[in-house]
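Please look over the sequence and the structure below. A short report on the fold and the surface follows.

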Amino acid sequence: MASRASFLAARLLWAFPALLALLAANQAAVTMELRETVRSGVLAKAEVLALSTTDRADITMASVRLRAPQADGAPTEHTLPLPITFARALEGRDSLDVYLARGASQEVVIAEIGRAQWRLAGINGLVALLGALLLFWGVYAWNRYLRTQGDPADAAALPG
C-alpha cells in the first residue's frame, strides 16, 4: 500500500513544473505588454500622489499612486507595483514622465524605469522557464525510476 502512495505522489509532482511553466508564460506576456507600452505609448507627465514602501526583513515591496491625464485631458489615478530598488529612485518626486497606452493591459509605465522593468519581467520569465525545465527533468527521472525499479521504500533492508 505504501508504494501506491509513492506512485501517486510522484504523479502529483507533475503539477509543479506545470505551474512554473504557466508562470513563465505569464511573465512573457507581461514583458511584451510592458515593452509595447514603452515603445508605442505617449509620453506624459503624471503627478505622484503617494509612494509607499514596506522594507521589512520578511517582505519588501513598493507601489506608487499616480494621477495621469487621459487622451481627453481628464486625470485618472493608477497604482503601480514596483520592485523596492526602483521605488528608492523615485523618492521625493512630485511628478514623473510616464508612457500612456490606453486600452493596453499595462496602460501606464514610468518612463525612467520602463526599459528596466520589462527586461526584469523577461528575466523572471526565463528563470521560471529554467526552473520548470529542471523540475520537469527531475520529476520525469523520479517517475521513470519508480516505474522501472520500483519504490525503494519497498526494498528489503540489507542485513547490517
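## Nonpolar patch

Helix H2 (15-40) and helix H4 (111-149) each supply at least two residues of a nonpolar patch; helices here are DSSP runs of H or I with at least four residues, strands are runs of E with at least two, and both are numbered from the N terminus. The patch lies on the surface and consists of Leu13, Phe16, Leu19, Leu22, Leu135, Trp142 and Tyr145, with about 670 Å² of accessible area together. Patch residues have over 30% relative accessible area and no salt bridge, and nonpolar side chains (Val, Leu, Ile, Met, Phe, Trp, Tyr) are joined within 5 Å. A salt bridge is a side-chain nitrogen of Lys or Arg within 4 Å of a carboxyl oxygen of Asp or Glu. Areas come from the Shrake-Rupley method with a 1.4 Å probe, and for residues only the protein chains shown count as cover.

Leu135 is placed in helix H4. Leu135 counts as partly exposed because its relative accessibility is 33%; buried means under 20%, exposed over 50%, and partly exposed in between.

The model is predicted, with local features needing pLDDT of at least 70 and side-chain atom pairs 80 or more, while totals for chains, interfaces and linings use all residues. Residues are numbered from 1 along each chain as its sequence is written, and side-chain values use heavy atoms, without hydrogens or water.

## Strand E4

Strand E4 (residues 95-100) has a covered face of Leu96, Val98 and Leu100, and an uncovered face of Ser95, Asp97 and Tyr99. Strands E1 and E5 both pair with E4; pairing requires at least two DSSP bridges between two strands.

| Partner of E4 | Bridges | Direction | Facing residues |
|---|---|---|---|
| E1 (residues 42-55) | 6 bridges | antiparallel | Leu43 opposite Tyr99 |
| E5 (residues 108-110) | 3 bridges | antiparallel | Ile110 with Val98 |

Tyr99, on the uncovered face, is thus listed with Leu43, and Val98, on the covered face, with Ile110.

## Whole chain

The protein has 4 helices and 5 strands, in the order α-α-β-β-β-α-β-β-α from the N terminus on. The protein is more spread out than a compact globule, because its radius of gyration is 24 Å, well over the 15 Å given by the globule rule for 160 residues. The radius is taken over C-alpha atoms, and the rule is 2.2 Å times the number of residues to the power 0.38. The C-alpha trace spans about 80 × 35 × 25 Å along its principal axes.

Of the 160 residues, 29% count as buried. The accessible surface is about 10,400 Å², and 61% of this belongs to carbon and sulfur atoms.

Definitions and conventions:
Buried < 20%, exposed > 50% of the residue type's maximum accessible area, 1.4 Å probe, protein only. Patch = residues over 30% accessible without salt bridge, like charges linked within 9 Å, V, L, I, M, F, W, Y side chains within 5 Å.
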